[in-house]
Amino acid sequence: MLERKIRVLVAKPGLDGHDRGAKVIGRALRDAGMEVVYTGLRQTPEQIAATTLQEDVDVLCLSILSGAHNTLFPRVTALLKENDVDDVLVIGGGVIPDEDIPFLKDHGIEAVFTPGTNTEDVVSFIKTNLKR
Amino acid sequence: MESFEQRLAQWDKNVVKSLAKRKERKETFYTTGGHAVNRLYTHKDIAEVDPLQDIGLPGEYPFTRGVQPTMYRGRLWTMRQYAGFATAEESNKRYKYLIEQGSMGLSVAFDLPTQIGFDSDNSLAEGEVGKVGVAIDSLRDMELLFDGIPLNQVSTSMTINAPAAVLLAMYIAVAEKQGVDSKELRGTIQNDILKEYMARGTYIFPPEPSMRLITNIFEYCAEAVPQWNTISISGYHIREAGCTAVQELAFTLADGIAYVEAAIKAGLSVDDFAPRLSFFFNAHNDLFEEVAKYRAARKLWAKIMKERFKAQDPKSMMLKFHTQTAGCSLTAQQPDNNIIRVAIQTLAAVLGGTQSLHTNSRDEAFALPTEASVRIALRTQQIVAYESGVADTVDPMAGSYYVEALTDTMLKQAEEYIARIDELGGAPKAIERGYMQQEIMDSAYRYQKDIEKGERVVVGVNQFRIDEEPPKGLLRVDPEVEVMQKQKLLELKEKRNSPAVATSLEALRIACSSEENLMPYILSAVRAYATLGEICGVMRDEFGEYIGTAIL
């Protein structure tokens with residue numbers, strides 16, 4: 001039987017329009033054999049949570065470069081929790097100071113990838129940390 | 001006697017022979033933008049380039065060598081540091097600091113809610129207030145932002161696009177309060193919506209009403225704010241999104257063509273508005289490629305204005321531009337190395353004949369820059385200006401076989417792109433089809449893959465790495481800023497004359513569905529202290545909103 005492909009949602013919460021990183025990661029994951037859906041810009045946490053459920057993804061990648069990560073990332077994970085979603089791997093990326101990472105990890109963001117990240121590191125993190 | 005050609009042929013043979021013993025570092029060398037670079041350039045490579053027709057003289061058509069005859073011997077470029085964060089009061093302090101340190105012009109960074117036409121109390125603004133720039137909700141904030149800064153004595157650039165008409169109106173209204181005539185105001189609004197759809201993402205309205213707002217501004221300013229640059233047609237963000245130097249050049253000028261066409265269609269005459277068009281380019285690491293890009297841009301724009309649009313006034317043909325060093329070239333690894341990158345990029349911009357320059361700070365891969373980092377960035381410009389000697393003669397790279405050949409090649413490749421975009425029906429149509437977005441994305445992905453394969457070296461990232469501690473002392477915007485902005489909005493709404501606000505907004509609403517110029521209506525609403533969110537809200541109701549494409 002064919003193995004089911006890993007399904008990924010790449011999402012841009014907030015108002016920030018910088019999606020070069022999100023798109024590059026999205027393409028790299030696709031090249032690594034995953035099925036990737038990209039939300040486009042300016043998604044509310046509610047929209048992202050709904051798309052996560054609707055698309056039945058295994059992984060949710062959140063990207064923010066505006067500094068609003070501490071507000072918006074935990075909002076998304078809280079909404080997933082409210083909807084009893086506990087088997088989606090949530091990771092984050094963007095211009096995020098190191099000192100914010102422990103806070104984000106406490107709020108369900110399992111890894112944070114910052115500028116200079118090799119896309120292969122993201123691929124292998126996803127493969128080893130999938131929850132289903 | 002041996003000719004140069006014979007000698008060159010012999011030299012080639014000798015080199016090829018020696019390569020058997022000792023190879024070069026790479027099979028093929030490429031510029032950052034992907035041009036194959038020859039081992040050697042000679043006058044043979046620019047045999048087709050005519051010294052008068054193609055290169056010419058500074059201040060004369062086709063302006064390849066610069067838009068002024070004396071360039072920096074007359075006056076240095078404007079050192080203009082882009083800044084703004086938190087509240088208007090906080091940003092006002094940073095502007096005064098920058099002026100004290102020798103900055104020659106202001107450049108206002110607005111936060112994302114402001115750029116997208118939301119007030120700070122909008123639920124979509126949560127977490128974003130004051131983060132990437134200053135939060136401006138009403139004329140009251142704008143008054144605080146420029147408090148104690150006489151607007152007839154500074155030139156101010158504002159990075160504002162979709163709501164540019166509103167922020168410009170606020171600036172004019174602050175000037176009125178200071179007793180400064182709008183005819184004396186100098187500065188620039190970015191006002192370039194096409195690259196927002198293409199790469200930067202802070203759009204509000206669909207293309208048609210957006211283009212109307214832009215041409216309304218052109219028309220209004222030609223009379224009322226004649227010294228204002230009404231648009232800054234920007235390649236900067238397209239490059240940041242990952243395209244090559246040639247794509248930056250081509251897509252920017254294609255956007256420029258679209259604005260000129262829109263203005264002509266709106267009934268303006270080309271020489272009435274074209275002299276106030278300005279451009280904004282990126283300065284990346286590849287020194288010669290960047291210099292060639294700026295030179296090619298000037299020459300190509302001059303040609304487009306003269307031949308395609310039949311401009312008569314030489315000022316309509318001059319491409320004046322602002323430059324910012326490449327944010328995307330900054331590394332989070334060993335961030336002090338960024339100072340060196342910025343110095344090289346500064347040199348590129350200056351050798352390329354820029355009219356103004358923003359230099360990035362070393363810590364911008366982490367956060368907004370600290371005061372100390374901004375000072376180094378500004379000092380970098382001052383060292384290039386006063387110590388390096390490169391500003392003392394006009395266009396010193398001219399005549400370099402390599403730079404002239406590259407200028408010529410880049411110009412031709414940009415023309416091919418523009419022809420392709422013309423075939424697609426012009427920039428707005430091509431953007432609608434996602435043509436540029438796809439091209440940009442392909443280049444961005446290739447760039448990243450090259451780094452990961454080690455084909456492109458980024459010092460400190462994929463070579464010469466060290467173990468290092470995370471940086472300390474980054475600038476953080478206090479989350480209280482959002483609370484304070486909301487409080488200010490509440491107070492404003494209590495104090496202002498509500499019927500006057502309602503009347504002005506209703507007048508704007510009616511004007512939206514007419515053919516009238518919207519600027520006077522926006523200005524009245526601003527004067528009555530209608531908020532940015534209210535004014536843009538009316539236009540959102542009337543014009544609808546643009547939904548972006550999501551192309552991977």
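Biologist: What makes the largest nonpolar core in this predicted model a core, and which residues touch the most other members?

Modeller: A nonpolar core is a set of buried nonpolar residues joined through C-beta atoms within 7 Å. The largest one here has 198 residues, and B:A169, B:L253, B:A414 and B:I522 touch the most other members. Helix α10 of chain B, residues 245–265, gives the most to this core, with 13 residues.

Biologist: And what does B:A414 touch, leaving out residues up to four places away in sequence?

Modeller: The list is B:V246, B:L249, B:A250, B:L253, B:A296 and B:L300. One of those, B:L253, is itself among the residues touching the most other core members. As a general point, nonpolar side chains tend to be buried together in soluble globular proteins.

Biologist: Now α8 of chain B. How do you know that its span fits a helix of 18 residues?

Modeller: Take 1.5 Å times one less than the number of residues. For the 18 residues of α8(B), 207–224, that gives 26 Å, and the end C-alpha atoms are 25 Å apart, so the two agree.

Biologist: Which residues of α8(B) are buried, and what do they pack against?

Modeller: The buried ones are B:S210, B:M211, B:L213, B:I214, B:T215, B:N216, B:I217, B:F218, B:Y220 and B:C221. They pack against several elements of chain B, including α6 (164–178), β8 (231–234), α10 and α21 (519–527).

Biologist: Stepping back, why is chain B called as compact as a globular protein of its length?

Modeller: Chain B has 22 helices and 11 strands. Its radius of gyration is 24 Å, and the globule rule gives 24 Å for 552 residues, so the label fits. Along the principal axes, the C-alpha trace of chain B spans about 90 × 60 × 45 Å. Buried residues make up 51% of chain B. Of the contacts in chain B with a separation of 6 or more, 77% come from residues 24 or more positions apart.

Biologist: What makes chain A pass that compactness test?

Modeller: There are 5 helices and 5 strands in chain A, running β-α-β-α-β-α-β-α-β-α from the N terminus. The radius of gyration of chain A is 13 Å, close to the 14 Å from the globule rule for 132 residues, so chain A also counts as compact as a globular protein of that length. Its C-alpha atoms fill a box of roughly 45 × 35 × 25 Å along the principal axes, and 50% of its residues count as buried.

Biologist: Why is A:P102 called exposed?

Modeller: The cut-off for exposed is 12 or fewer other C-beta atoms within 10 Å. A:P102 has 10, so it is exposed. You'll find A:P102 in helix α4 of chain A, residues 101–106. The C-alpha atoms of A:P102 and A:D87 are separated by 21 Å, with the two residues 15 apart along the chain.

Biologist: How many residues does each chain bring to the contact between A and B?

Modeller: Chain A gives 32 residues and chain B gives 32 residues. On the chain A side, α1 (20–31), β2 (35–38), α3 (69–82) and α5 (119–129) each supply at least two. The largest share, 6 residues, comes from α1(A).

Biologist: What classes make up the side of chain A that touches chain B?

Modeller: That side has 10 nonpolar, 13 polar and 9 charged residues.

Note on methods. Residues numbered from 1 in each chain as written. Chains lettered and ligands numbered in written order. Predicted model: local features only at pLDDT ≥ 70, side-chain atom pairs only at ≥ 80, totals over all residues. Buried ≥ 20, exposed ≤ 12 C-beta atoms within 10 Å, placed from the backbone. Helix = DSSP H or I, 4+ residues; strand = E, 2+ residues; numbered from the N terminus. Contact = placed C-beta atoms within 7 Å. Rg over C-alpha atoms; globule rule 2.2 N^0.38 Å. Nonpolar A, V, L, I, M, F, W, Y, C, P; charged D, E, K, R; others polar.
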